[in-house]
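Please look through the sequence and the model below before reading on. The report that follows takes up one topic at a time.

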Amino acid sequence: MATCSIRPGIPVILKELEEGSQFFHQGASLRVTGKLQEYSVDTAIAVITEDDVSFKIDTQHLRDLTFRIGSYYQFIGELLILPEDSAILQARVGRNVDGLDINLYHRSLELRRQFEVELMNSRVT
């Protein structure tokens, strides 16, 4: 039986994607969410923002997704670190999440991480 080489996208907040972060490494499979600031049809590059942090998304592999400036989107893909420590997410999945309560999403992400730490600690002891 064949094994799947596609890893799940780890949910991260855009401000966590900086050099030295545990999430900032070549090929990391990530899930990011943000407001669409700009989109180029020619290059298929989208720029999403969250709390004054912007991040580039390569959307060339996405189909049937309409982009609207000012709408919220969530992307899952692999992190490509370019020279001079700039980075871009090569998206394999994208969706519009305009109905998402972003504050509640961040709180649930925080609680999930706490749960995962507690789970790991309980397995060790």
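## Burial and overall make-up

In this predicted model, 35% of the 125 residues of the protein count as buried. The accessible surface of the protein comes to about 8300 Å², and carbon and sulfur atoms account for 52% of that area. Along the principal axes, the C-alpha atoms fill a box of roughly 55 × 35 × 35 Å.

The charged side chains can be described in a similar way: 13 are positive and 18 are negative, and the centres of these two sets lie 7 Å apart. As for how the chain meets itself, when contacts between residues at least 6 apart in sequence are considered, 53% of them join residues that are at least 24 apart.

## Order of the elements

The secondary structure of the protein consists of six strands and one helix. Read from the N terminus, the elements follow the order β-β-β-β-β-β-α, so the order ends with a helix, which is α1 (residues 102-124).

## How the strands pair

Strand β2 (29-40) appears in each of the pairings described here, and it is useful to take its partners in turn. With β1 (residues 10-11), β2 pairs in the parallel sense over two bridges, and in this pairing I10 has L30 of β2 as its bridge partner. With β5 (72-81), β2 runs antiparallel and is joined by seven bridges, where T33 is matched with Q74 of β5.

The pairing of β2 with β3 (45-50) is also given as antiparallel, over five bridges, and here the bridge partner of L36 is I48 in β3. These two strands form a hairpin with four residues between them, and in that hairpin A44 takes a positive phi near 60°. The residue S40, which lies in strand β2, is partly exposed, with a relative accessible area of 25%. Although S40 and T59 are 19 residues apart in sequence, their C-alpha atoms are 9.8 Å apart in space.

## The nonpolar core

In soluble globular proteins, nonpolar side chains tend to be buried together. In this model, the largest nonpolar core has 21 residues, and those with the most contacts inside it are L17, L30, V32, I48, F55, I57 and F75. The elements that give two or more residues to this core are β2, β3, β4, β5 and β6 (87-96).

Which residues does I57 touch, leaving aside those up to four places away in sequence? They are V32, A44, I45, A46, I48, F75, I88, L89 and A91. Among them, V32, I48 and F75 are also listed with I57 as having the most contacts inside the core. Two residues met earlier as bridge partners, L30 and I48, likewise appear in that list of core residues.

## Loops and positive phi values

Most residues other than glycine have a negative phi, and most peptide bonds are trans. Against that background, D51 deserves a careful look, since its phi is near 50°, a positive value in a residue other than glycine. D51 has its place in the loop between β3 and β4, and it counts as exposed because its relative accessible area is 60%, while the cut-off for that term is over 50%.

D64 also has a positive phi, near 55°, and is likewise a residue other than glycine. Its place is in the loop between β4 and β5, where D64 is exposed with a relative accessible area of 83%. The loop between β4 (53-58) and β5 also contains T66, and T66 is exposed at a relative accessible area of 57%. Measuring from C-alpha to C-alpha in the model, T66 and Y39 are 11 Å apart in space, with their positions 27 residues apart in sequence.

## The helix

Is E118, a residue of helix α1, buried or exposed? With a relative accessibility of 53%, E118 counts as exposed, because the term applies to values over 50%. E118 and E84 are 34 residues apart along the chain, and their C-alpha atoms are separated by 37 Å.

Note on methods
Residues are numbered from 1 along each chain as its sequence is written. This is a predicted model: local features need pLDDT of at least 70, side-chain atom pairs count only at pLDDT 80 or more; totals for chains, interfaces and linings use all residues. Side-chain values use heavy atoms; hydrogens and water are left out. Buried means under 20% relative accessible area, exposed over 50%, partly exposed in between (1.4 Å probe, protein chains only). Contact means heavy atoms within 4.5 Å. Accessible areas come from the Shrake-Rupley method with a 1.4 Å probe; for residues, only the protein chains shown count as cover. Lys and Arg count as positive and Asp and Glu as negative; His and the chain ends are not counted. The place of a charge is taken as NZ of Lys, CZ of Arg, CG of Asp or CD of Glu. A nonpolar core is a set of buried Ala, Val, Leu, Ile, Met, Phe, Trp, Tyr and Cys residues joined through side-chain atoms within 4.5 Å. Two strands pair if DSSP finds at least two bridges between them.
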